[in-house]
Amino acid sequence: MSEEKVPYLTETDDPDAKSGDTIHCCSEAMKMMKEKMNTVIDDISSRAGVVGAKFHEGTSRAGEYTKAGLHRTEEGIKHHPMSSILTAIGVGVAIGFLLAWRGNRH
């Protein structure tokens, strides 16, 4: 960002200055600050929009991958039912042993 000269908000050192000069100076400073704030807000809004779009794209892609994985799993079960059943039983037994072993330790 470029450095812009911002009028001071304090009283001027000029003995000939009138209170209207100080008010005008403050008014100009307020206008400049408002313009800067609006620029920053617009920048943040545009960046938030980009982040939101990327997040939506990522969640959509994750949903697609999940559906594809579920489809592959269903196809695997249809084509190899016995292997699927034995795998499920093996996983169940392993979890049962781990839970029983953990229960005995405490």
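## Salt bridges and a nonpolar surface patch in a two-helix model

Of the 106 residues in the protein, 3% are buried. The structure is a predicted model, and its secondary structure consists of 2 helices and 0 strands. The accessible surface of the protein amounts to about 9,800 Å², and carbon and sulfur atoms account for 64% of that area.

Charged pairs along helix α1

A search of the whole structure returns 3 salt bridges, and the table sets them out with the distance between nitrogen and oxygen and the separation along the chain.

| Salt bridge | N to O distance | Separation in helix α1 |
|---|---|---|
| Glu 28 and Lys 31 | 3.9 Å | 3 residues |
| Asp 43 and Arg 47 | 3.3 Å | 4 residues |
| Glu 57 and Arg 61 | 2.8 Å | 4 residues |

Helix α1 covers residues 19–79. Glu 28 and Lys 31 both belong to this helix and are separated by about one turn, with their closest N and O atoms 3.9 Å apart; because a salt bridge is counted when the nitrogen and the carboxyl oxygen are within 4 Å, this pair qualifies as one. As for solvent access, Glu 28 is partly exposed at a relative accessible area of 29%, and Lys 31 is likewise partly exposed, at 47%.

Further along the chain, Asp 43 and Arg 47 are joined by a salt bridge of 3.3 Å from N to O, and about one turn of helix α1 lies between them. Arg 47 counts as exposed, with 56% relative accessibility, whereas Asp 43, at 35%, counts as partly exposed. The boundary that matters for this pair is 50%, because a residue is called exposed when its relative accessible area is over that value.

In the remaining pair, the salt bridge between Glu 57 and Arg 61 has its closest N and O atoms 2.8 Å apart, and these two residues are also about one turn of helix α1 from each other. Glu 57 has a relative accessible area of 42% and is partly exposed, and Arg 61 falls into the partly exposed class with 40%.

A nonpolar patch that includes a residue of helix α2

What kind of patch do Met 82, Ile 85, Leu 86, Ile 89, Val 93 and Phe 97 form on the surface? These residues make up a nonpolar patch, and together they present about 640 Å² of accessible area. One of its members, Ile 85, lies in helix α2, which spans residues 81–105. Ile 85 is partly exposed, having a relative accessible area of 49%; Ile 85 can therefore be counted in a patch, since patch residues need over 30% relative accessible area.

Technical notes
Residues are numbered from 1 along each chain as its sequence is written. This is a predicted model: local features need pLDDT of at least 70, side-chain atom pairs count only at pLDDT 80 or more; totals for chains, interfaces and linings use all residues. Side-chain values use heavy atoms; hydrogens and water are left out. A salt bridge is a side-chain nitrogen of Lys or Arg within 4 Å of a carboxyl oxygen of Asp or Glu. Buried means under 20% relative accessible area, exposed over 50%, partly exposed in between (1.4 Å probe, protein chains only). Patches are made of residues with over 30% relative accessible area and no salt bridge: like charges are joined within 9 Å, nonpolar side chains (Val, Leu, Ile, Met, Phe, Trp, Tyr) within 5 Å. Accessible areas come from the Shrake-Rupley method with a 1.4 Å probe; for residues, only the protein chains shown count as cover.
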